[in-house]
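Student: I should like to examine the basis of the structural terms applied to this model. Please set each one against its definition.

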Amino acid sequence: MASPGALEPAAGSVPGTKVELTVSCRNLLDMDTFSKSDPVVVLFVQGSGSSEWKEFGRTEVIDNTLNPDFVRKFVLDYYFEEKQNLRFDVYNVDSKSCSVLKQDFLGQAFVALGEVIGSQRGRLERPLTGVPGKRCGTILLLAEELSNCRDIITMQLCANKLDKKDFFGKSDPFLVFYRSNEDGTFTICHKTEVVKNTLNPVWQPFTIPVRALCNGDYDRTVKIDVYDWDRDGSHDFIGEFATSYRELSRAQSQFTVYEVGQRARAGGRGTPRTGDNPPLHPQVLNPRKKCKKKKYVNSGTVTLLSFSVESEFTFVDYIRGGTQLNFTVAIDFTASNGMPSQPTSLHYASPYQLSAYALALKAVGEIIQDYDSDKLFPAYGFGAKVPPDGKISHQFPLNNNADNPSCAGIEGVLESYLQSLRTVQLYGPTNFAPVINQVAGTAAQVTDGSQYHVLLIITDGVISDMLQTKEAIVTASALPMSIIIVGVGPAEFEAMEELDGDEVRLSSRGRYAERDIVQFVPFRDYVDDSGNQVLSMARLAKDVLAEIPEQLLSYMKTRDIKPRQADPQ
């Protein structure tokens, strides 16, 4: 699923300011019969000079609420000189499908990024529309410029003797972190997991960027609320405390214990609205609580068990440190593509236009080859009968050299691809696992971070070896590699969406993928109506390559591999 990392700048634009958008909704439509809606917000953007909407990203899904405050942010590049149009679509998630077309539509809002930034205090509220005859509620957007701080915090907390909120059992506690804004309001920035049936929970360690917690201001107030989770979404407020990055950082040398206090709250239930919290007085305990319990001291304590900070390395840090991207191509030669000599074939190349396969190959390859020092690319075909004996192969070298399947540059790959079309017989089935395992075997030979492999698979149809492919991807997710799948032709490609794993982590026989390493896009989404192949290729390359830097970083981080120092010039 395409998830570009920034809006497209106009030609000549300087790099944009990074802006973080926080999203909340109020009074959404209730589409569920026995519970409240389970909302998600999908952000769509328009490229510069384009009327086409493309998905940028999604918030998390929050169960059972009509007033969600989403933790997952959208980080955009802001260009003052451009009108950057945004569309926010809200859905009620009722099925496991990643397609929003299979979810209940709750409304939408159109805004320009400049409108949000230009609003008072960077806060904009807009009505949701799009459901005839219904009031769809509102969407609240908060914009804040991000600092350049690249530090990442890892911390772990536990609690002791929290108030009991459940009638038949103990509490199910979780923590909600908020960073303070300049106007005294608060913005949600993290939620821990729920620890069931205990008044003494120990939460799992988690990581959060310093700029998300305090935007690089070490003395900015950080408010932490403690809740008892309820299935219906009306979580019980246990108490709160306040701290700061500077205070938290002292835990590197000593345990820090916070008293959980209760402020007076209207209603006493439910997550506070983002940007609508009363002033924080963490040491002033609720007088009504004191009346009920004359010996009331607090509602428990929270202890910061560990706190560490490390620099967040970027994709560029690793490339400058010498990490090489190794590009491998696998092309679908199954009969469902049609006879290459016929204009209806997906492999057909007219004298005036490249085939969809060749376009996809050039679009992705011409960018990746800049990061590959030797410019030699192994290239394979699958699903064809190959000479001399006509046996079906799912990983035959396009250059017909099994000992050295590498081609010189993208032009060399294209030349070998066109030559193979003239010498092999298109057949079937469509098996991905052999070529994935082939590249995984190469990736497994060097795992120190100096090499990272990118496999581009271009295909037209439904996978024949889905179980084996899932197993191969789960295994490959522990290796320094990523997989790009470009689907050509009119097929639905639902299986590819499952492999993509953006929403649901891929699994096989009880094993889950360590990382999301697959990016799938359908080529038809990038066919320019004007016939401008250069523009189509640029859009395709941008979207299919968008996740590669994060996937490389996720591998390096899980293996604690730091960038090598670049050699001095």
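**Strands, pairing and burial**

Tutor: The residue of β18 that stands opposite Ala-330 is Tyr-380. The model is predicted, so local features need pLDDT of at least 70, side-chain atom pairs count only at pLDDT 80 or more, and totals for chains, interfaces and linings use all residues. Numbering starts from 1 along each chain as its sequence is written, and side-chain values rest on heavy atoms, without hydrogens and water.

Student: What makes β17 and β18 a pair of strands?

Tutor: Strands are DSSP runs of E with at least two residues, helices are runs of H or I with at least four, and both are numbered from the N terminus. Two strands pair if DSSP finds at least two bridges between them. Four bridges join β17 to strand β18 (residues 376–382), so the pair satisfies that condition. The two strands run parallel.

Student: Why is the crossover from β17 to β18 called right-handed?

Tutor: The term applies if, with the strands pointing away from the viewer, the path from the first strand over the helix to the second runs clockwise. Here the chain leaves β17, passes through helix α6 (residues 356–368) and enters β18, and this β-α-β crossover is right-handed. The path over α6 therefore runs clockwise in that view.

Student: Which other strand does β17 run parallel to, and how many bridges join them?

Tutor: Eight bridges link β17 to strand β24 (residues 451–459) in parallel. Within that pairing, His-453 of β24 is opposite Asn-326.

Student: What makes β17 a mostly covered strand?

Tutor: A residue is buried under 20% relative accessible area, exposed over 50% and partly exposed in between, with a 1.4 Å probe and protein chains only. In β17 (residues 324–332), nine of nine residues are buried. On one side, Gln-324, Asn-326, Thr-328, Ala-330 and Asp-332 point away from β17; Leu-325, Phe-327, Val-329 and Ile-331 point the other way, and all are buried.

Student: Why is β1 described as largely enclosed?

Tutor: Eight of the 10 residues of strand β1 (residues 17–26) are buried, so the rest of the structure largely encloses β1.

Student: How do you know which strands β1 is joined to?

Tutor: Five bridges connect β1 with strand β4 (residues 74–78), and eight connect β1 with strand β8 (residues 138–145). Both β4 and β8 run antiparallel to β1. Val-19 has Leu-76 as its bridge partner in β4 and Glu-145 as its bridge partner in β8.

Student: Which strands stand at the edges of the open sheet β3-β2-β5-β6?

Tutor: This four-stranded sheet has antiparallel pairing. Its edge strands are β3 (53–58) and β6 (104–112), each of which pairs on one side only. Eight bridges hold β6 antiparallel to strand β5 (residues 85–92), and Phe-105 in β6 is the bridge partner of Tyr-91.

Student: Why are β11 and β14 called edge strands?

Tutor: They belong to another open sheet of four strands with antiparallel pairing, in the order β11-β10-β13-β14. Both β11 (186–191) and β14 (236–244) have a single partner strand, so one side of each lacks a neighbour in the sheet.

Student: What joins β10 to β13?

Tutor: Seven bridges join strand β10 (residues 173–180) to strand β13 (residues 221–228), and the two run antiparallel. Tyr-227 in β13 is opposite Phe-174.
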